[in-house]
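The following exercises are intended for a reader who is meeting this structure for the first time. Each task is followed by a solution that proceeds step by step.

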Amino acid sequence: MTSMKSVSVQRRQSFKRRLKRSFPYYLLLLLPIAYLFIFHYMPMWGLQIAFRDFQSQTPILQMPWRGLHYFEQFFSSALFWQYFRNTVAIAFYSLLAGFPLPIILAICLNECRFARFKKSVQMVTYMPFFISTVVLVAMILQFTARETGVVNHLLEFLGFNRVDFMARTQYFRHIFVWTGIWQSMGFNAIIYLAALSGISQDLIDAAKVDGCNKWRRVWHIDLPGILPTITILLILNISSLVSVGFERIFLMQNPFNLSVSEVLSTYIWRVGVAGGNYSFSAAAGLFNNIIAFALILIANFTARRVGETSLW
Amino acid sequence: MTLQNNNEKTNKSKWRNGWDDKSFNIIIMTILIFMLLIVLYPLIFVVSSSFSDGRAVMTGRVVLWPVNPTLEGYAAVFRNNQIMIGFRNSLIYTVVGVVLNLIMGILAAFPLSRKDLVGKRFLNLFFIFTMFFSGGMIPRFLLIADTLGLMDNPLALILPGMMSVWYVILIRTYISSSIPDELTESAELDGCSAIGVLWRIIVPLSKPILAVIALFCGVAIWNSYFDGFIFIRDGRLFPLQVVLRNILILSNMDPEMMADIRGAVNRQAMQHLVKYAVIVVSSAPLLLAYPFVQRHFVKGIMLGSVKG
């Protein structure tokens, strides 16, 4: 009995001591917490305008309550569903085409025996990562221009007709996805290369002794070795599916391709900030965020079940 | 008989292996060469075009190397005040932003890396939740433009991005995986305060990860245009990327650049030339700095990938 008492007293004391010891750390955390509170949690509080009529210069709690009015409005709008489909199409196309390529590049680099050639390929393929979105889109526009673009010069040289790529709806997705891959492939390969370099040489040597050829070594050693990395990156990619490169898509839009290029995030911006319809677009934004949040939970849960790897 | 048979089999499988390895090497080299060319060609084309005669660029005579080399495009770029102002502004925004990110990152990461911090679980959740859920574009815009009233204020480009939870986690992982607890504990026993430990031990020993984050963060700020585009109306405050958008994508050329050029075709040719020169000039600082920091960059990504 006494011993139990003393233990609990000790514990309380040690808690007090730990609290006292933690105090300076709380002081250090003050600014970061204030930052998160203002720039991340206040916008979450501000999400209420999705359920209220926005009025400027009114405290948010005094704006008239509209319930699910704005959600019903966009769920019943045909445009909204068209843009939702555009978002899904671009997101999955990007994922399916863009996810495997960095892995293939990393495996090729890892197996390349000419050190200098390997270094040059790495160096060159990382470079586009440093090009800004604005410059990348400018390059796309310059190259695909109907009369002056290098792609059209090539088409004409080969005997085809010139095409106004950016104004044709059927090309938009391909251009968007493949230029994105062009920009990020090398950079995304770095992380896989790092994982590949962590695979033990003993394992590879043992496979060699057992008469495994290179194809089999890639399949049975390299791929399983980097599987945890692949899983983590897949989860991260899935969780950012719905945001589909907002800044780049926004710059690539023009009135002719809008029917395929308008995605939820650009639509939210256009209706909200540009059109001043804050409540409606905040509601659409909330829907967007909930999907993103659900996707990451599902992806993480599946990964934990199947591969025993997860983000948390 | 059986022995011979066996021998034959191993020979055969060795031969097959050799052939498979050969096909493997050929395919790998083909893929690498293909990827190298695909990435390299557009870059070379842009640089070559920026040095060429504008008419040659327009009519497709520039294929790989510059045609009738000239520096006219670059001369026009450096005559343009807007671009120079954009350069200066972006330099300021980037330096201030990077310094703030490093300070905030380490201020948050050091306490979160302590094992005995009371309420650590809750604090972690408080930080990490913001990575997975956000208020979204509209509440963020209203907060910055309306509530904080930062429209047309350079702070609108600096404050909202002054910290990133992603960097905090990178630093925290680095501290707890590569700075031994004994080191900080013995310093505390010697009477060093938490701030002393932070300043004398954690900061000097975290330099590699801080360098990497400075790089990541610098690239991100230098290349971002959207906040500048929505929050800044005053041309004197534009970051470089907003200026670039006006010139490259909206084709709003400053009359200064076109001052002494006669004839519509010549003007159009000059426009193309200027665009390519602008692309090169604006991307050059990062691309030139890159080879020097490449080693750190790769290391940093590996550090980050050690644990999620």
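**Exercise 1.** In which helix of chain B is the place of B:Phe126? Describe the surroundings of this residue.

*Solution.* The structure is a predicted model.
Step 1. B:Phe126 belongs to helix α5 of chain B.
Step 2. The relative accessibility of B:Phe126 is 15%. Buried means under 20%, so B:Phe126 counts as buried.
Step 3. Leaving aside residues up to four places away in sequence, B:Phe126 touches A:Ile33, A:Leu36, A:Phe37 and A:Tyr41.
Step 4. Along the chain, B:Phe126 and B:Phe292 are 166 residues apart, and their C-alpha atoms are separated by 37 Å.

**Exercise 2.** Describe the secondary structure and the surface of chain B.

*Solution.*
Step 1. Chain B has 14 helices and zero strands. Read from the N terminus, its elements therefore give the run α-α-α-α-α-α-α-α-α-α-α-α-α-α.
Step 2. Chain B holds 308 residues, and 49% of them are buried.
Step 3. Consider the contacts in chain B between residues at least 6 apart in sequence: 69% of these join residues at least 24 apart.
Step 4. The accessible surface of chain B is about 15300 Å², and carbon and sulfur atoms account for 65% of that area.

**Exercise 3.** Characterise the interface of chain A and chain B.

*Solution.*
Step 1. Chain A brings 95 residues to the contact, and chain B brings 95 residues.
Step 2. The size of an interface is often expressed as the accessible area lost when the parts come together. Between chain A and chain B the buried area is about 8900 Å², with 79% coming from carbon and sulfur atoms.
Step 3. The search for salt bridges across this interface finds zero, while 15 residue pairs are in polar contact between chain A and chain B, both residues being at pLDDT 80 or more.
Step 4. On the side of chain A that touches chain B, helix α1 (residues 2–46) gives the most, with 24 residues.
Step 5. Sorted by class, that side of chain A consists of 71 nonpolar, 17 polar and seven charged residues.

**Exercise 4.** How many salt bridges are there over all chains? Examine three examples, together with the exposure of their residues.

*Solution.*
Step 1. The count over all chains is seven salt bridges.
Step 2. One of them joins B:Lys115 and B:Asp181, with the closest N and O atoms 2.4 Å apart. B:Lys115 sits in the loop between α4 (81–113) and α5 (120–132) of chain B, whereas B:Asp181 is in helix α9 (residues 181–189), so this pair ties together parts that are 66 residues apart in sequence. B:Lys115 has a relative accessible area of 67% and is exposed, while B:Asp181, at 25% relative accessibility, is partly exposed.
Step 3. A salt bridge also links the side chains of B:Arg236 and B:Asp234, at 3.0 Å from N to O. With a relative accessible area of 58%, B:Arg236 is exposed; B:Asp234 is partly exposed at 23%.
Step 4. In chain A, A:Glu156 pairs with A:Arg162 in a salt bridge whose closest N and O atoms are 3.2 Å apart. A:Glu156 is partly exposed, at 46% relative accessibility. A:Arg162 has a relative accessibility of 16% and therefore counts as buried.

Definitions and conventions
Residues numbered from 1 in each chain as written. Chains lettered and ligands numbered in written order. Predicted model: local features only at pLDDT ≥ 70, side-chain atom pairs only at ≥ 80, totals over all residues. Heavy atoms only, no water. Contact = heavy atoms within 4.5 Å. Buried area = accessible area lost by both parts, 1.4 Å probe. Salt bridge = Lys/Arg side-chain N within 4 Å of Asp/Glu carboxyl O. Polar contact = N/O pair within 3.5 Å; in protein donor to acceptor, adjacent residues only side chain to side chain. Helix = DSSP H or I, 4+ residues; strand = E, 2+ residues; numbered from the N terminus. Nonpolar A, V, L, I, M, F, W, Y, C, P; charged D, E, K, R; others polar. Buried < 20%, exposed > 50% of the residue type's maximum accessible area, 1.4 Å probe, protein only. Areas by Shrake-Rupley, 256 points an atom, 1.4 Å probe, with all protein chains shown as cover.
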